[in-house]
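Student: Could you take me through one part of this model in detail? I would like to start from one residue and then see what lies around it.

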Amino acid sequence: SGGSTSSQGRQLATAQPAQEERLVVAVRVRPSLEATERCIEVISSGSLLYDDGGKSRPRKYSYDHVFKENDTQEQVYKTTTAPLVKDVLNGYNAAVFAYGATGSGKTHTMLGPVPRKKPSTADRGPTAVVGYEADVSSQDIGLMVRAIEDIFGHIEAAGPESSTKVSISYLEIYNELIRDLLNPGGPLELREDHRGQRITVAGLSEITTSSRKEVVSLLIKGNKSRTMEPTAANQTSSRSHALLSITVQTRTSLGTKQGRLFLTDLAGSERAKKTKNRGKRLQEGAHINRSLLALGNCINALSGGARYVNYRDSKLTRLLKEALSGRCKTVMIAHVAPESKHRDETKNTLVYADRANSITTKLQSSVYIDEFKNFPTKHYQSLVSELRDEV
Ligand code: ADP
Ligand code: MG
C-alpha cells in the first residue's frame with residue numbers, strides 16, 4: 001500500500017496550490033510588558049529571530065505571517081480571519097486557533113483587552129460598566145467580534161432580499177468537560193448521530209442576534225464564566241479551551257447553505273512540569289496537553305492528506321471534526337511573549353508552529369508525502385513519553 005499512499009500524496013500536492021492552502025500559520029509577538037531583555041526580534045512580515053540567551057547564534061524562523069508588537073487587531077483580523085469569513089458565507093467551514101502559553105496574548109487576539117479579574121464591588125458602579133463597554137468597542141476589539149461584524153456587514157451589503165441567519169454558541173472545555181459559556185450550568189454531553197458524522201452538544205444554547213452590542217456583551221460575559229485557576233505560571237491562567245462557533249445559514253432558490261466558523265482560544269500550551277503543578281492542577285495540565293496533542297495530530301494528518309484522521313482522542317477534536325474535515329481552511333495563530341524570561345515557552349511555541357508551517361510549505365512545493373510521513377510522528381512520540389512521565 002506504500003505505492004498508493006505516494007500517488008495519493010502526489011495528487012494532493014498538486015491539487016492544492018498556494019491559494020488553496022488549508023493550514024496557514026501565523027506568529028504574533030505580544031508587546032513587552034516590562035522593560036527587560038528580549039528573546040525575539042521580528043525582521044519581516046514573515047520571519048523573526050529567536051535568541052536563546054547567547055548559547056548559540058540567533059535563529060531565524062519563517063511563517064506565513066509574523067505580527068510584530070505594534071501590529072493592530074485589525075491587521076491580524078484582515079490577514080488571518082477575513083478570508084475565512086468569505087468562505088463561511090459561501091457555505092464552508094473554517095477554523096482559527098489561538099495557540100500559545102498562558103500570558104502570550106491569545107485572549108487579547110480573540111476577544112480583546114478584558115479585565116483580568118472580576119471588578120471589585122467599588123469598581124462595579126455605573127461608570128465602571130460604561131468604561132468597560134467603551135473599552136470593548138475600541139480598536140482593540142478582537143477577532144471574535146470582528147468576524148461577527150464582518151459577517152453582518154456582508155449580509156447587509158447583499159440587500160434585504162437575502163435570507164441569512166447568524167447564530168452563535170460559546171462553550172468551554174475544561175478537564176474534558178463541556179460547559180455552556182452563554183448559559184453556564186452543569187457539564188453538557190456530546191451527541192453523535194448513528195454514523196458518528198454529526199456531533200452536537202446536547203442542550204448548548206444557540207443565540208441568534210444581529211446586534212453588535214449584544215454579541216460583545218455576550219462574549220465578555222461568557223468569557224468571565226471561563227474557568228480561571230491560579231498556577232505558578234500565571235495567577236489567572238486560563239486552563240480551559242474556549243470555542244466560539246458562528247453559524248451562517250442562507251436560504252437560496254437551490255436550498256439552504258450553511259457555513260460555520262470556529263474561533264478557539266486554546267488553553268495555555270505550557271507544560272505541567274514547568275508550572276510546578278500538583279494534584280488537581282497537574283490533572284488539568286495533562287488534559288490540556290492531551291487535547292493540544294490530539295489537535296496537533298489531526299492538523300498534521302489533515303495537512304499530510306491522510307486518509308484516516310483520529311478525532312476521537314479529545315473533546316476538542318471531536319467538536320472540531322466538522323470544521324477540520326472537508327474543504328476547510330485552518331489558521332493557527334501562535335502567540336509568543338518577547339521577554340527573555342519566557343524564552344523556553346516561546347521556543348516551544350515557535351517550534352510547534354514551525355512544524356505545522358513546514359508541513360504546509362512542503363505540500364505546496366509538491367514534495368511527496370512519503371518523504372515526511374514519519375516526520376511529525378517522532379515529535380509526538382517524544383511528547384507522549386514526556387506526558388507519561390508527568391502523569
Ligand atoms: P493569554 O490569553 O494567552 O493568557 P492574554 O491575552 O491574557 O494572554 O495577554 C496577557 C497580557 O498581555 C494581558 O494583560 C493582555 O492585555 C496583554 N496583551 C497581550 N497581547 C497584547 C497586544 N497585542 N497588545 C497589547 N496588550 C497585549
Ligand atoms: Mg487567555
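Is Gly103 buried or exposed, and how many other C-beta atoms lie within 10 Å of it?

Tutor: Happy to. Gly103 is buried, because 22 other C-beta atoms lie within 10 Å. The term has fixed cut-offs: a residue is buried if 20 or more other C-beta atoms lie within 10 Å of its own, exposed if 12 or fewer, and partly exposed in between, with C-beta atoms placed from the backbone.

Before going on, a word on the model itself. This is a predicted model, in which local features need pLDDT of at least 70 and side-chain atom pairs count only at pLDDT 80 or more, while totals for chains, interfaces and linings use all residues. Residues are numbered from 1 along each chain as its sequence is written, and chains are lettered from A and ligands numbered from 1 in the order in which they are written.

Now for the setting. Gly103 is in the loop between strand 6 and helix 3. Here helices (H or I, at least four residues) and strands (E, at least two) are DSSP runs, numbered from the N terminus. Thr102 lies in that loop too, between strand 6 (93-100) and helix 3. Thr102 counts as buried because it has 22 C-beta neighbours inside 10 Å.

A record also marks this stretch. In an unreviewed UniProt entry, the annotation "binding site" covers Gly100, Ala101, Thr102, Gly103, Ser104, Gly105, Lys106 and Thr107. The positions are given in the numbering used here, feature names are shortened, and such annotations may be inferred rather than shown by experiment.

The model places a ligand here as well. Ligand 1 is surrounded by 14 residues, the closest being Arg30, Gly105, Lys106, Thr107 and His108. A residue is near a molecule if its C-beta atom, placed from the backbone, lies within 6 Å of it. Helix 3 (residues 106-110) gives the most to this shell, contributing three residues. Sorted by class, the shell holds nine polar, three nonpolar and two charged residues. For that count, Ala, Val, Leu, Ile, Met, Phe, Trp, Tyr, Cys and Pro are nonpolar, Asp, Glu, Lys and Arg are charged, and the others, Gly among them, are polar.

On the other side of the loop is strand 6, which leads into a network of strands. Strand 6 and strand 13 run parallel and are joined by six bridges; Ala95 has Phe262 in strand 13 as its bridge partner. Two strands pair if DSSP finds at least two bridges between them. Strand 13 (residues 255-265) in turn pairs with strand 12 in the antiparallel sense over eleven bridges. Within that pairing, Leu244 stands opposite Leu263 and Arg251 has Thr256 as its partner. A hairpin with two residues links strand 12 to strand 13.

Following the bridges outward, strand 12 (residues 241-252) also meets strand 7 (residues 163-174), antiparallel, through eleven bridges. Ser163 is matched with Arg251 in strand 12, and Ser167 stands opposite Thr247. Strand 7 has further partners. With strand 8 (residues 177-180) it runs antiparallel, joined by four bridges, and Ile173 stands opposite Ile178 there. Those two strands form a hairpin with two residues between them, and Asn175 in the turn has a positive phi of about 55°. With strand 11 (residues 207-208), strand 7 pairs in the antiparallel sense over two bridges, where Ile168 stands opposite Ile207.

Stepping back along the sequence brings us to helix 2. Helix 2 (residues 73-89) has a kink of about 45° at Thr81, shortly before the proline Pro83; the bend is the angle between axes fitted to the seven residues ending at a residue and the seven starting there. Its buried residues are Gln73, Val76, Tyr77, Thr80, Thr81, Leu84, Val85 and Val88. Just after this helix, Gly91 takes a positive phi of about 95°.

For contrast, consider Lys55, in the loop between strand 3 (47-50) and strand 4 (59-62). Lys55 counts as exposed because it has 6 C-beta neighbours inside 10 Å.

Finally, the whole protein: it has eleven helices and 14 strands, and buried residues make up 39% of its 391 residues.
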